[in-house]
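Work through the following exercises with the sequence and the model side by side. Each one sets a task and then gives a solution in steps.

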Amino acid sequence: MKENQTNQKKKQYRPLQKMFMEVPPKYDLLNRIFTWRLDESWRKQAVKEILKDKPDKVMDLCTGTGDLLFRIAEQAWPGTELCGLDFSPPMLEIADQKMRSKNLEGIRLISGDAADMPFDDNHFDAIGIAYAFRNLTFKNPDQQKFLKEIYRVIKPGGKFVIVETSRPKNRIMDNLHKLYMNLLVKRLGGSVSGNRPAYHYLAHSATNFYTADEVCDLLKTIGFSKITYRHFVGGVAAMHVAVK
Ligand SMILES: C[S@@+](CC[C@H](N)C(=O)[O-])C[C@H]1O[C@@H](n2cnc3c(N)ncnc32)[C@H](O)[C@@H]1O
């Protein structure tokens, strides 16, 4: 009883939030290793797409340690309003250190939840999200809240660009991907990071996530149109572009 009362007084975390408070120290390094540095080249493709129409206001949603955000900042038109939002203070702390070391200015790092963002309707010309759309949508009870909130803060005609793990269409490739995630990423990530549940979740969610076509259907139900995607490396990752 006493223990229950103590637990109730503890901070209430959003789904997955506690897990992302504990990943940070080796997070970037493990991303580079497990994707053979391809995560960076996929982010680059997203940046190209995000900046294609010279947007005035851009957000990197679930910015984490800021890897997509800073790539955007380095290539954006001067005067572009840029921000990154995330609900993990330790991730944002690393993003802040990186921002200072890169001497980047005028970027806002916002601690907040994707389900309730501190922006007016129709605010952004473009929103990018790298390797977090799965977190917001895979078996997440708040999936619809997140998607509606993203749609709300994008301007009509604005873009939503997603880089995420995906499911290869080829069965052999899909099985190889599952082996890689379950044997290597889950085990090695878990032991090197010291956070087994996080890498267990990564392997499980990535290998059971929506196919690229299912992501298109999901975006369509929210109201997005002109939805396109391209697969990378046989389908282990994908970039979706959708327009409000
Ligand atoms: C796998 S990391 C990706 C980070 C970064 N975008 C990148 O490219 O490396 C997922 C990030 O999403 C954040 N996140 C997950 N759910 C969120 C939510 N509901 N609101 C805000 N941030 C969230 C986590 O804190 C974490 O930093």
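**Exercise 1: a lysine in a strand**

K57 counts as partly exposed because its relative accessibility is 25%, where buried means under 20% relative accessible area, exposed means over 50% and partly exposed lies in between (1.4 Å probe, protein chains only). The model is a predicted one, in which local features need pLDDT of at least 70 and side-chain atom pairs count only at pLDDT 80 or more, whereas totals for chains, interfaces and linings use all residues. Residues are numbered from 1 along each chain as its sequence is written, and side-chain values use heavy atoms, with hydrogens and water left out.

Task: place K57 in its strand and find which residues K57 is in contact with, leaving aside its neighbours within four places in sequence.

Solution. Begin with the element: K57 lies in strand β1, where strands (E, at least two residues) and helices (H or I, at least four residues) are DSSP runs numbered from the N terminus. Next, list the contacts, a contact being heavy atoms within 4.5 Å; with neighbours within four places in sequence set aside, K57 is in contact with E81, H123, F124, D125 and A126. Finally, consider L82, which is 25 residues from K57 in sequence, while the two C-alpha atoms are 6.1 Å apart in space.

**Exercise 2: two basic residues compared with their surroundings**

Task: decide whether R43 is buried or exposed, decide the same for K159, and then list what each one touches.

Solution. Start with R43, which is placed in helix α4 (residues 38–51) and counts as buried because its relative accessibility is 4%. Leaving aside neighbours within four places in sequence, the contacts of R43 are N31, R32, D67, L68, R71, A130 and Y131. Then turn to K159 in strand β5, which counts as buried because its relative accessibility is 8%. Not counting residues up to four places away in sequence, K159 touches E49, K52, D53, D125, A126, I127, I154, V241, A242 and V243.

**Exercise 3: the buried sides of two helices**

Task: work out which residues of α11 are buried, and why they lie on the same side of the helix.

Solution. First collect the buried residues of helix α11 (residues 212–222), which are A212, V215, C216, L218, L219 and I222. Because they cover an arc of only 165° around the axis, they are on the same side of α11, the arc being that of the directions from the helix axis to the C-beta atoms. On the other side of α11, K220 and T221 are exposed. Next ask what the buried residues pack against: their partners are α7 (133–137), α8 (143–153), β5, β6 (225–232) and β7. After α11 comes G223, with a positive phi near 125°.

Repeat the steps for α8, whose buried residues are Q143, F146, L147, E149, I150 and V153. These too cover an arc of only 165° around the axis, which puts them on the same side of α8. The elements covering them include β1, β4 (124–130), α7, β5 and α11.

**Exercise 4: the lining of a cavity**

Task: find how much space lies in the largest cavity and which residues line it.

Solution. A search of the whole structure finds one cavity of 30 Å³ or more, where a cavity is a set of points on a 1 Å grid over the protein atoms alone at which a 1.4 Å probe fits but cannot get out, and lining residues have an atom within 4 Å of a point. Its space is about 40 Å³, a volume being the space filled by probe spheres set on the grid points, which are joined across faces, edges and corners. The lining consists of F133, I162, E164, T165, S166, F209, Y210, V215, A238 and H240. The elements giving two or more residues to this lining are β5 (154–165) and β7 (237–243), and β5 provides the largest share, three residues.

**Exercise 5: backbone angles in loops**

Task: locate K54 and C62, and state the phi of each.

Solution. K54 is in the loop between α4 and β1 (57–61), and its phi is positive, near 45°, although the residue is not a glycine. C62 is in the loop between β1 and α5 (67–75), and also has a positive phi, of about 60°, without being a glycine. As background, most residues other than glycine have a negative phi.

Key: 1 Å grid on protein atoms, 1.4 Å probe; cavity = no way out; pocket = protein on both sides within 12 Å on 5 of 7 lines; lining within 4 Å.
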